[in-house]
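Let's take a walk through this one together. Have a look at the chains first, and then we'll go through them piece by piece.

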Amino acid sequence: MVPTSYYIMLSAALFAIGVLGVLIRRNALVVFMSVELMLNAANLVLVAFARERLSIDGQVLVFFVITVAAAEVAVGLALLVAIFRTKHTADVDEVSTLRG
Amino acid sequence: MESLQIPPVDLRLLTPLLIVVGWAGALLLIDVFFVPDGRKKITGYLAIAGLAVAGLAGIPLWNLSGSTFSGMLVLDRYSLALTWIFLIAGALSIAVALDYLPRHAIEQGEYYPLIMFAVGGMILMAQSADLITLFLGIELLSITLYILTGFAYPRVASEEAGMKYLVLGAFAAGFFVYGIALIFGATGATSLAGIAAYLGRQPFAPQEETLFLAGASLVLIGFSFKIALVPFHMWTPDVYEGSPTPVAAFMSVGTKGAALAALLRVTLALEEAQTFWLPILAVLAAATMILGNLGALGQSNLKRMLAYSSIGHAGYILLGIMVAAERGAEAFLFYILAYTLTNLGAFGVLIALEQRGEAAWSIDDFAGLYQRRPLLAVAMALFMFSLAGVPPTAGFMGKFFIFTAAYAGGLGWLVLIGVLTSAIAAYYYLRVVVKMFMQEPVREVRPELTRGLNTEILIAGVATLILGLLPTPIVLLVERSLVALGG
Amino acid sequence: MATVIQIIFGLIAALIVGAAVMVVTVRNVIHAALWLIACFFGVGALYLLLEAEFLAVVQVLVYVGAISILILFAIMLTRQVTGEGVRQLVGGWRLWLTAAISALLFAVAIVPTVISHSWNVPAPPAPPGTPEPLAGVAELGRAFVYEFLLQFQVAGVLLTVALIGAIVIAFEERARRRRVLTLAEEHELRKRLAHPPPVEAPAGEPAPAPRATPISEGEVQQ
């Protein structure tokens, strides 16, 4: 049995790396991945605590966090695609300067 | 095979929430199948009707209070009052959008149900007595707002604002979840009651205390992002500027109000943690009041100015939360109501001046407004006075209540900062008024007033005046709404 | 046994931390995404160690299977198909090497876990009085429909909203918007642009709904 404190330390490291990534990287996608690292760190520590406390609540929250992460990624991807499309057409389409 | 049990659930307690979310879901389908393109306003009217029904359905609940879903959802007068404020905010945000969206060629029927979903998330936040529920409420609200921010399709600014908001919102969510995780690890509970019960059994192991404090700090950081407290406010001006103005209006009152309301409930519930929590809140409040208002000083873009001013107002509201136990909660509710109405009104005027393709957000566009549209200028002046806290407006009464409550609660130095920053704020608000009344127009701006906008500005203006002139009935109502919120 | 598990934990932990560091430091976005996948796998393996089998499966399905793929899609969709992007892709042996390393690390890390885990042993009937071992799927499911019923529903609403939102933001084929043109239509359009006819709003739609381009949209909306 691995002590829970190991998991806490590991997840703290993971969380710290994620925060660092958000702060030091400029690329929106990498920032997004770093956020995923943070969420994974939180999930990990939740599962570890759930085992230690013999309470299912932690795992339930992990499930919801995964749901939320998926939803956020879906919206984020849609936004990225929209941005790219708008900019792309703006580059290609010289006439788009006509906007009202 | 054991049969599944359905928990004893009192659905009455969440009638408004159910109506809002259910009607939003139905409206999505109605919009697609029955509302023809180009008449999407019908969807908007239906959405307002749904919000109104939800508000009316809340009335019989006034004398009801209790909790359901294993105590994770509570209904009390506090949450009910907030529910009504949120419903008003949602309805007014839809009213200003009715003509804005087609005028800017970004009309899509989904806008209206999405606003309703956001309102649902806000109501859930006001009612949740459990960190998991709170997290889901915040995320429901946030994800809807990311979508709405990036809603104006061909406008890159809007999409980029949406992306920026999403990335920072997800960052905040990361802090929030990790905080919940650590609190869960320390106390073994996620419900506010469970955590409070654990905290009541002092002393606890130092290791667990460390975990709890770390968790509480992280949760506070998550809140600060959502409320846009200094130093977690950097995203606000950009996101407000980029998003469609009705969405910015909704965001400025919605996210802030709901997150602050949840923060108040958490603060009240975790009484034992307050010795740790309050000093941090005090520093945040001071920084927010000072930097928010100073930031607004330099803005010549009115949308950004309102963004900074909303940051500053969050600082004032935070004072109410800090003294929530003694009369602060009442001042908080009153301030939220006053701020919601006033800010939505100010954004309404902004929307009236905004035309397709040219954003009339520069303060110069307000020059000489009085000569062209006297009533509009008077309304804007009223909102500016109210935001600045000049009597006899709602904003003045709100500030008065907050400051007296904070002073009585022993936060004298914060009140001093609040008064001083209000004086600074008066400068930039009144600058707009001076422009409108004293100066000649710099360039031609034709305000477009339509029915939805007129109604919204009228409602907001009249309410701002009434709250300022005759606050007593509302104050009584607010006072009664807090009887049950003992903790 | 205990030490073996601890060694496994150490390996997985090293994988996770190493992969996470790579995610935030690697220059190439695709590499970062691949390292992210390695990291997700590592966390999933730890879930197995923590006896949260269901979550381990969900982790692989959702994070590795869906979220990473979405991120990779986003990278590919938004990458300029010209210039440096191509060069980075062509020099992709490093990409494969990275993928191989992460796969190897994953194998090294997860195989012992898989082996050490008692897969086929039915859960022993708990002697009365002991707390039930955590995280049977059944227990989790029961929690969802009993204690956390409300949250479960809210999560559903949330996913619906995200779905609708993604469509609203990114889906083009709507009356008001440009839709993706077929080649023939595009050709037609270029011809029309060369000899612009008067712009007509399609009948039956009050708001002028340009069929094709931002160009006509801009004009009509004047």
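**A tour of three chains**

Start with chain C: of its contacts between residues at least 6 apart in sequence, 57% join residues at least 24 apart. Keep in mind as you look around that this is a predicted model. Chain C has 9 helices and 0 strands, so reading from the N terminus you simply meet α-α-α-α-α-α-α-α-α. As for burial, 34% of the 222 residues in chain C are buried.

Now turn to where chain C meets chain A. Here 58 residues of chain C are in contact with 56 residues of chain A. On the chain C side, the elements giving two or more residues are α1 (2-25), α2 (29-49), α3 (53-78), α6 (137-145), α7 (149-170) and α9 (214-220). Which of them gives the most? That would be α3(C), with 12 residues. Sort this side of chain C by class and you get 48 nonpolar, 7 polar and 3 charged residues.

Let's cross over to chain A and ask about confidence. The mean pLDDT of chain A is 80, with 86% of its residues reaching 70 or more. Among the elements of chain A, the highest mean pLDDT belongs to α2(A), at 90, and the lowest to α3(A), at 81. There's also a stretch to treat with care: over residues 90-100 of chain A the pLDDT is below 50, though the model still gives this stretch 17 contacts beyond near neighbours in sequence.

While you're in chain A, find the loop between α2 (28-53) and α3 (57-92), where Leu54(A) sits. Leu54(A) isn't a glycine, yet its phi is positive, near 50°. Why does that deserve a second look? Because most residues other than glycine have a negative phi. Is Leu54(A) buried or partly exposed? It has 14 C-beta neighbours inside 10 Å, so it counts as partly exposed.

Chain B has a case of this kind too. Ala228(B), again not a glycine, has a positive phi of about 65°. You'll find Ala228(B) in the loop between α8 and α9 of chain B. With 27 C-beta neighbours inside 10 Å, Ala228(B) counts as buried, since 20 or more is what that takes.

Stay in that loop for a moment, the one between α8 (206-227) and α9 (235-242) of chain B, because Pro231(B) has its place there as well. Val230(B) and Pro231(B) are joined by a cis peptide bond, with omega at about 5°. Most peptide bonds are trans. Further along chain B you can find another cis bond, from Pro391(B) to Pro392(B), with omega near 5°. Pro392(B) belongs to the loop between α15 (374-388) and α16 (394-408) of chain B.

From that loop, carry on to α16(B) and its partner α17(B), a helix covering residues 412-438 of chain B. Their axes come within 8 Å and cross at roughly 155°. That is over 145 degrees, so α16(B) is roughly antiparallel to α17(B). The crossing is left-handed. On the α16(B) side, the contact is made by Lys399(B), Phe403(B), Ala406(B) and Tyr407(B), while α17(B) brings Gly412(B), Leu414(B), Val415(B), Gly418(B), Val419(B) and Ser422(B). By class, that comes to 6 nonpolar, 3 polar and 1 charged residues.

Now try another helix pair in chain B: α4 (residues 111-127) and α10 (residues 245-269). Their axes also come within 8 Å, and they cross at roughly 20°. How are α4(B) and α10(B) placed, roughly parallel or roughly antiparallel? An angle under 35 degrees counts as parallel, so these two are roughly parallel to each other. The crossing of α4(B) and α10(B) is left-handed. From α4(B), the contact uses Ile115(B), Ala118(B), Met122(B), Met125(B) and Ala126(B); from α10(B), it uses Phe250(B), Gly254(B), Ala258(B), Ala261(B) and Ala262(B). In this contact you'll count 9 nonpolar, 1 polar and no charged residues.

Let's finish with a single residue, Leu51(B), which lies in helix α2 (residues 41-58) of chain B. Leu51(B) is buried, with 27 other C-beta atoms within 10 Å. Leaving out residues up to four places away in sequence, Leu51(B) touches Val20(B), Leu87(B), Gly90(B), Ala91(B), Met116(B) and Val119(B). And how far is Leu51(B) from Pro441(B), 390 residues apart along the chain? Their C-alpha atoms are separated by 39 Å.

How values were computed. Residues are numbered from 1 along each chain as its sequence is written. Chains are lettered from A and ligands numbered from 1 in the order in which they are written. This is a predicted model: local features need pLDDT of at least 70, side-chain atom pairs count only at pLDDT 80 or more; totals for chains, interfaces and linings use all residues. Axes are lines fitted to C-alpha atoms, for helices over the stretch in contact, and angles run from 0 to 180 degrees between N-to-C directions. Helices (H or I, at least four residues) and strands (E, at least two) are DSSP runs, numbered from the N terminus. Angles under 35 degrees count as roughly parallel, over 145 as roughly antiparallel, 65 to 115 as roughly perpendicular and the rest as oblique. A crossing is left-handed if the near helix is turned anticlockwise from the far one by less than a right angle, and right-handed if clockwise. Two residues are in contact if their C-beta atoms, placed from the backbone, lie within 7 Å. Ala, Val, Leu, Ile, Met, Phe, Trp, Tyr, Cys and Pro count as nonpolar, Asp, Glu, Lys and Arg as charged, and the others, Gly among them, as polar. A residue is buried if 20 or more other C-beta atoms lie within 10 Å of its own, exposed if 12 or fewer, and partly exposed in between; C-beta atoms are placed from the backbone. pLDDT is the predictor's confidence in each residue, from 0 to 100.
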